[in-house]
Amino acid sequence: MKIWKFIAGTILSLAMLGSCGNEVETVVPVIDGELAFAASSDQLRSDGADAVTFAVSVIDAEGTVHDVTEHAEIYLTYEKAPLTSNVFTTDMEGEYIFYAVYGLQVSQDIVITAINDVPELPADPQEDNVSFRHRMLLVQHTGATCSNCPRMMESLRTLSQDESYNGLYHHVASHSYNGGEADAAYSEAARDLSMAYNLTGMYPMLTFNLTSTSAGTGLSEIKAQIDQLKKDKAPVGIAAAVKQSGDDILVNVEVKAADANSYRLAAWLLEDGIYSLQSGMSESWHNTHDNALRYAAGKVSQLSFVGEKLGELKAGEKAGKVFVLPVEESWVADNCEVLILVTAADANGNYDVVNSALCQVGETVVYDYK
Amino acid sequence: MSEVEKSFNPERMKRILFIIATLLAVFSCVEPAIEVERNIELSQTDVVIGSQGATVKVVYQINGADQGAQVSVANDAEWLTVSTDKARLIELTAEKNETGALREALVRVSYQDYEEVAITVSQTIWEDPIVLNLEETQATSVIFSVQTLDSELTWVGQVVGKEWFEEMESDEQIFQEDLSYYSLEAQNQGVPLSDYISTILNKGSFQNLKYKGLDPNSEYVIYVYGLTAEGERTTEIYSVPAVTQPPYDGPITLDVQIKEENNIMDVTVTPSHDGVYYYWNLMDRETYDSYAAQYGDDPVKVFQAYVEWDIQDLIDYEYLTTRAEYFEWYSDINEVNSQFECMALTEYIVFACKWDEDCNFEGEAAYKWHTSADVTPSSNQITVTVGDDVDQSSFYVEVKTTNSDPYVMIAEPSRFMEGMNEEQIYAHLVEDYGTFGLLNYVYEGDIAGRMRGLDPDTEYTMVVFGYKAGKQTTAMQKFTVRTVPAGPAEDCTFDFVLNEAGSNSLNITVTPSDAAHFYYWYVYSPDTTADQVRENITDLIQKSYYGDLYEFSYYELSQGVSTGMISFLAPNTGYKVAAVVMDYNTGEFLADVVFSDVYTTGEENYSPTTITATFDKFYDGDDLYDINPDAGAQYKDYAMVPVSITIDGDYKSYYYTIFEYETGLEDPAQYPDAMLYETLVYYGVYYAETVNFRAPWNKAVVIAAMAIDNEGRYSRVYRQKYTFRKYNASDISELFTKSPTLTRDVKIPYALPEMSFDLKKDRPQGDDRYNAAKMEQVRKENRIRKF
C-alpha cells in the first residue's frame with residue numbers, strides 16, 4: 001500500500017481527460033482542523049471474531065466534519081506499522097491502546113478492553129418487537145443502626161408481596177446511614193449514592209429512579225409515588241447475561257430502543273442475605289438484609305450514577321456493553337445479583353432511569369416484552 | 001484504508017502541479033517523474049511542557065523513507081525523557097519542575113543522512129497551588145498559614161492525630177475518609193452534602209489560622225487540600241507535622257463573662273494560658289447560700305465543698321471509682337462557651353479555678369455574680385378539651401394553642417390541690433416538682449392524647465398554664481375529671497380481636513372491660529389450661545426476670561387497650577389468647593384466666609431446602625489447651641466439636657448452633673420450628689460452614705440448624721441430640737494431622753447461648769402506663785450544665 005496520493009481537482013480532471021490508459025494515483029491534501037478518533041465500542045470479546053471499528057475525522061474551521069479514516073494511520077501502541085484496516089479483532093484478552101496519526105496530528109488514545117469468557121446473551125425471541133415492560137428503580141436508603149428503618153423495611157416487604165405493584169420496580173437497599181457503623185451491608189457505593197442523591201440525613205428515605213424522593217415511609221405514600229412514575233411501556237428493553245469469572249462477575253447487557261434517544265447504561269451489584277443486627281428490629285428477618293448495593297459500575301464520576309454512554313439509538317436499534325464487577329472477599333458471590341439500569345436524556349439533557357432489569361449470577365434475562 | 005506517507009505541503013504542491021500541468025500539456029501520455037523531497041517534518045519544534053510535568057507528543061514524518069522508518073533523537077538534558085517507542089511519535093516527558101528555575105533542552109532529531117532538525121523544549125517553574133506552613137504550636141492549639149497560588153482556590157484543612165494520618169496509604173484514601181466524614185456530617189445536620197461542604201470551605205490565603213482544642217504534648221498532622229463545593233478534590237494533599245507544647249505549669253488567671261438573652265445565660269470562661277486544667281461551674285444563690293452557711297462565704301470553699309459532695313454522690317451510685325475520673329470529666333483546658341436556660345429573676349454565681357488531678361483548687365479563682373432577667377407574660381391562647389372520653393385509668397386531652405410559647409400541663413388527684421387558689425397551686429407544683437422537674441411537663445404547640453396511669457374513681461385536677469424560665473406566663477386553667485370506678489378484678493372481661501394472621505405470627509388487640517387493672521396476656525396452644533398459664537407466667541417471672549417483679553410488671557403487664565404482634569409461631573396452628581389480671585406490685589393473680597377463641601396462623605410456607613449440621617469427631621479441650629494455651633483456653637473443661645453444615649437446595653443464609661437440651665427439644669411437636677428460629681437467627685453461626693463449638697461434658701445438647709432460601713422462606717429446623725463423653729473424644733493429634741491450623745473458632749457467647757424458649761411478644765404499641773400522668777411531650781433542650 002505504499003503509494004503517493006496528491007490531489008488537485010483540476011489536474012485530476014485533466015489527467016482523466018488525457019486518458020493514456022494508465023491510472024494516475026490521486027493525492028488527498030491534509031485537511032486542517034480538529035482531529036477526532038473514535039471506536040465503535042470500548043470493549044470486545046477476545047474471540048478473534050468480535051470486532052471494533054475505528055473512525056478518524058477532522059472538523060474544519062467551518063465545523064464541517066470530514067471522514068479521513070482512509071487517509072489516517074491507526075496504530076496499536078508500540079507497534080511499528082499501522083493497522084492494515086480500521087477494524088480490530090483479537091483472541092487475547094487485555095487492554096489495547098490505539099492512536100491515530102493524520103498529517104502531522106496525533107489523536108487522543110483510545111483504550112479497548114478485550115474480555116474473555118463474556119456470558120452469551122439470550123436470543124431475542126421477537127426481533128421486531130419494541131414494546132417493553134417498564135420497571136422503575138426504588139432505592140431504600142437505610143442502615144443497620146437506624147432505629148426507624150424497620151418501618152420502611154416493613155412497608156417494602158408488604159409492597160413486594162403485592163402482586164399489583166411488585167412487577168413495577170426493582171428494589172435496592174443502599175446502606176449508608178451513619179457512615180456504615182456496625183452495618184455489614186454498608187459499601188462505598190452506597191455512601192456515594194447517598195451523596196449523589198444529596199440526602200439530607202432523614203433516614204429511612206426512599207428514592208425513585210435517580211431524581212424522585214419519597215414523602216414518607218408509609219405503604220400508601222410509596223404506592224402513590226409508584227402510581228405517578230409507572231409507565232405502560234418502557235422506551236428501551238434490556239437483555240442480559242451474568243456469570244462469575246474468578247473474583248469478578250461479568251455482565252453482558254444489550255438494550256433495544258423503542259424510542260430514539262441518547263441512552264446510558266449502568267450495572268449495580270447487589271447482595272442478599274447479609275446478616276447485621278438491625279436497630280429497632282421487631283422481627284428476626286429485619287436482621288437479614290437483601291438487595292444491598294455493593295458495587296456500581298457505570299458511574300460517570302464518584303457522585304454521578306447515570307451510567308456509561310451507549311450513544312444515540314434509533315427505534316429498534318440495539319447496543320450493548322460488558323461490565324466487570326469485582327467481588328470483594330467479604331461479599332458472598334453466590335448471594336449476588338446484578339441490577340441493570342438504563343438511563344435516557346430528558347429535554348434538558350439530564351439523565352434518569354427509564355428501565356431496569358435484574359439478573360441472577362449464572363443466569364440470563366430476555367427482553368421483557370409486553 | 002490507504003496509507004499516507006506525505007501530507008499536504010503548499011510549496012511542494014505548487015511545484016508538482018506545475019510539473020504535472022506542463023507534462024500534460026506537452027507530453028500528454030508520458031507518466032510524470034515525481035521527485036520526492038527527502039526531509040524530516042515535525043508537528044512542532046518549540047515545545048513548552050507545563051510546570052506540573054507532562055508528556056508532549058510530537059508527530060514526525062520522514063519524507064522519502066520507507067514506512068516504519070524511525071528517527072533517532074539526541075537529548076542534552078537529564079530532566080527530559082525522550083522516547084520514540086511509539087510509531088510516528090516523539091514523546092517528551094518531564095516531571096514537575098521543582099528546581100525553582102526555568103529549564104530548557106534541545107532535542108536533535110535525525111534520520112540517516114537527512115538534514116537534522118531540532119526541537120527546543122522548555123518548562124516553567126512549578127509553584128504549589130497551596131503552601132502550608134506551621135507557624136507556632138501551643139499546648140492546645142496550632143497556628144499555621146495557608147498561601148494559595150490562585151486567590152479563588154477553595155480548600156479545606158484538617159488537624160488529625162499523627163497515628164491516624166500515618167495509617168493512610170494515599171492522598172485518595174485520606175480524601176475518601178474525609179468525604180465519608182463530610183457526608184455523615186451533612187446527614188447529621190440534615191443538609192445536602194454540597195451545602196455542608198460550602199460551610200467548611202476556605203478561599204484564598206490565610207495567615208495565623210489557629211486550630212484549638214488539642215491535647216497538650218501530643219503529635220498531630222495538619223493537612224490541607226483544594227476542594228470544591230461539589231466535593232471534587234483539586235490538589236494533592238499538603239501536610240505538616242505538629243507537636244503541641246506541654247501544659248503550662250505556672251499560675252493562671254481566668255476571665256468570666258456572662259451575657260443573657262431570652263433567659264438563656266451565655267457564659268464564657270477564658271484562661272490566660274492554654275493547656276492548663278481548670279474547673280468551672282455555676283450555682284444559684286439559694287444553693288450557694290446553703291453551702292456558704294456550712295463552709296463559709298468563700299466561692300472557693302463553696303465550690304470545693306460542692307465538688308466533694310458531687311464526687312461522693314457519683315461514687316455512691318457507682319458512676320465513678322476514682323477522683324482522677326472526675327478530674328478528667330470536668331476539666332477544661334481552653335476557652336469555654338456554654339449556654340443554659342436560667343430561671344427568671346434569679347441570682348447565679350459563675351466560678352472558675354485551676355485544679356489538680358486530685359480535684360483540689362489551686363491558685364487564683366475567678367467568679368462573677370449575675371441576676372437573670374424577668375420573663376414577660378405570654379399571649380398564647382391555650383384551649384383545652386378534656387373529659388369526653390374517660391375510663392378507669394386514663395382520659396383524653398386535646399390542646400390547641402395560638403403560638404409556640406411553652407406551657408405546663410399536669411394532672412394530680414384533686415385532693416392534692418384542694419382549697420388552693422391559683423397562686424397556691426403554682427407554689428405547690430414548684431415545691432413538689434421543682435422548677436427543673438416541671439420541665440418534664442412542658443409542652444409546645446397543639447397536642448392530643450391520653451393522660452394515662454390514673455387511679456380509678458378518683459377526681460383529678462388538670463392544670464394548664466404558660467411557663468417559662470421558672471415563671472408562670474399565662475393565667476392558669478383548671479379542669480376536673482373523675483375517673484370511672486373500678487370493678488372487682490374478677491369481673492374484668494376481655495375483648496380479643498385478631499388483626500392479622502401471618503404464617504408465623506398473630507397480631508392481636510386486647511381490650512379489658514375495666515381499664516383500671518393491670519393484666520398479662522399472651523398466646524397459648526388451644527389445650528392450655530388456666531393453671532398452665534399461671535404456671536407459665538410464674539416461670540417467666542422466675543426464669544426470665546429472676547424474680548424481679550418490678551421489671552416483670554414494667555415490661556410484661558398492660559393496662560387499658562393493648563395491641564401486639566406475637567411472632568415465631570408455628571404455621572397453620574391454632575392458638576388462643578389468655579389474659580389474666582395481676583397485681584402490679586405483688587405479681588398476685590387477681591382473677592381467673594380469660595381465654596379468647598382459637599386463632600389460626602397462616603398456611604405454612606417452609607422452604608424445601610434442607611440443612612444438616614454434623615461432626616466426625618470431637619476433642620478434649622484440655623488436650624488442646626495443653627498443646628496451645630492460647631487456642632485452647634476457651635475449650636478448657638469442654639469438648640471441642642468441629643461442626644459442619646450441608647445444605648441441599650438454594651439458600652441465601654444459614655444459622656446453626658448448639659442448644660442445651662431440654663426435654664422434648666428434639667421434637668418439633670413439642671418445640672415447633674418457629675420457637676427455635678428466633679434463637680438461631682440471634683445466636684447462630686451465619687458466617688462459616690464449619691466452626692468449632694464448645695460443648696459441656698456429659699450433658700445432653702442439641703445441634704440445630706436452619707437455612708433461609710432465596711425467596712426468604714425458612715427451612716425446617718435440623719436438630720440432633722448428642723451427649724459428649726470424654727472417653728469418646730478423639731486423640732487431639734488427629735486434629736493436627738488433618739489440619740495444622742484450627743478451623744475458625746466461635747467465640748464463647750455464640751457457642752452456648754443462654755436458651756430461652758419463651759415465645760416472643762412484641763412490646764405493645766402506645767402503652768405508656770409506665771409514666772404515670774405523663775403524655776408524650778416536647779422536651780426542651782436542657783442546657784443546664786451540671787446541676
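What percentage of the 787 residues of chain B count as buried? The figure is 32%. Keep in mind throughout that this is a predicted model.

**Stop 1: chain B as a whole**

Select chain B and show it as a cartoon. Chain B holds 15 helices and 43 strands. Now think about contacts between residues at least 6 apart in the sequence of chain B. Of these, 73% join residues at least 24 apart.

**Stop 2: a sheet with a hairpin**

Select residues 130–137, 142–148 and 206–211 of chain B. These are strands β9, β10 and β13. Together they form an open sheet of three strands, in the order β9-β10-β13, with antiparallel pairing. Which strands are at the edges? They are β9 and β13 of chain B, and each pairs on one side only. Look along the sheet for its twist. Ignoring direction, neighbouring strands are turned by 25° against each other on average.

Start with β9(B) and β10(B). A hairpin of four residues joins β9(B) to β10(B). The two strands pair in the antiparallel sense over seven bridges. To find the register, pick Thr137(B), which stands opposite Val142(B) in β10(B).

Now cross to the other side of β10(B). How many bridges link β10(B) and β13(B)? There are four, again in the antiparallel sense. Val142(B) stands opposite Tyr211(B) in β13(B). Step along to Ile143(B), whose bridge partner in β13(B) is Lys210(B).

Show the side chains of β10(B). One face of the strand is covered: Val142(B), Phe144(B), Val146(B) and Thr148(B). The uncovered face has Ile143(B), Ser145(B) and Gln147(B).

**Stop 3: a loop after β13(B)**

Move on to Asn217(B). Asn217(B) lies in the loop between β13 and β14 (219–226) of chain B. Check its backbone angles. Asn217(B) has a positive phi of about 55°, although it is not a glycine. Most residues other than glycine have a negative phi. Is Asn217(B) buried or exposed? Asn217(B) counts as exposed, because it has 12 C-beta neighbours inside 10 Å.

**Stop 4: a second three-stranded sheet**

Select residues 278–284, 347–354 and 366–371 of chain B. They are strands β18, β20 and β21. This open sheet has the order β18-β20-β21, with antiparallel pairing. Its edge strands are β18 and β21 of chain B, each pairing on one side only. The twist averages 15° from one strand to the next.

Zoom in on β18(B) and β20(B). They pair in the antiparallel sense over seven bridges. Use Tyr278(B) as a marker: Tyr278(B) stands opposite Lys354(B) in β20(B).

**Stop 5: two helices**

Add residues 285–295 of chain B, which form helix α5. Helix α5(B) lies across β18 and β20 of chain B and runs at about 105° to β18(B).

Next, add helix α6, residues 299–316 of chain B. At what angle do α5(B) and α6(B) pack? The angle is about 100°, and the axes are 9 Å apart. The two helices are therefore roughly perpendicular to each other.

Show the side chains where the helices meet. From α5(B), pick Tyr288(B), Tyr291(B), Ala292(B) and Tyr295(B). From α6(B), pick Lys301(B), Val302(B), Ala305(B) and Tyr306(B). Colour this contact by class. There are seven nonpolar, no polar and one charged residues.

**Stop 6: across to chain A**

Switch to chain A and colour by pLDDT. The mean for chain A is 86, and 91% of its residues reach 70 or more. Where in chain A does pLDDT stay under 50? Select residues 1–25 of chain A. For this stretch, the model has 40 contacts beyond four places in sequence. Where pLDDT is low, the predicted coordinates should not be read in detail.

Finish at Asn291(A). Asn291(A) sits in the loop between β18 (288–289) and β19 (292–297) of chain A. Asn291(A) has a positive phi of about 55° and is not a glycine. Why is Asn291(A) called buried? Asn291(A) is buried because 23 other C-beta atoms lie within 10 Å, and the cut-off for buried is 20 or more.

Key
Residues are numbered from 1 along each chain as its sequence is written. Chains are lettered from A and ligands numbered from 1 in the order in which they are written. This is a predicted model: local features need pLDDT of at least 70, side-chain atom pairs count only at pLDDT 80 or more; totals for chains, interfaces and linings use all residues. Two strands pair if DSSP finds at least two bridges between them. Axes are lines fitted to C-alpha atoms, for helices over the stretch in contact, and angles run from 0 to 180 degrees between N-to-C directions. Two residues are in contact if their C-beta atoms, placed from the backbone, lie within 7 Å. Angles under 35 degrees count as roughly parallel, over 145 as roughly antiparallel, 65 to 115 as roughly perpendicular and the rest as oblique. Ala, Val, Leu, Ile, Met, Phe, Trp, Tyr, Cys and Pro count as nonpolar, Asp, Glu, Lys and Arg as charged, and the others, Gly among them, as polar. pLDDT is the predictor's confidence in each residue, from 0 to 100.
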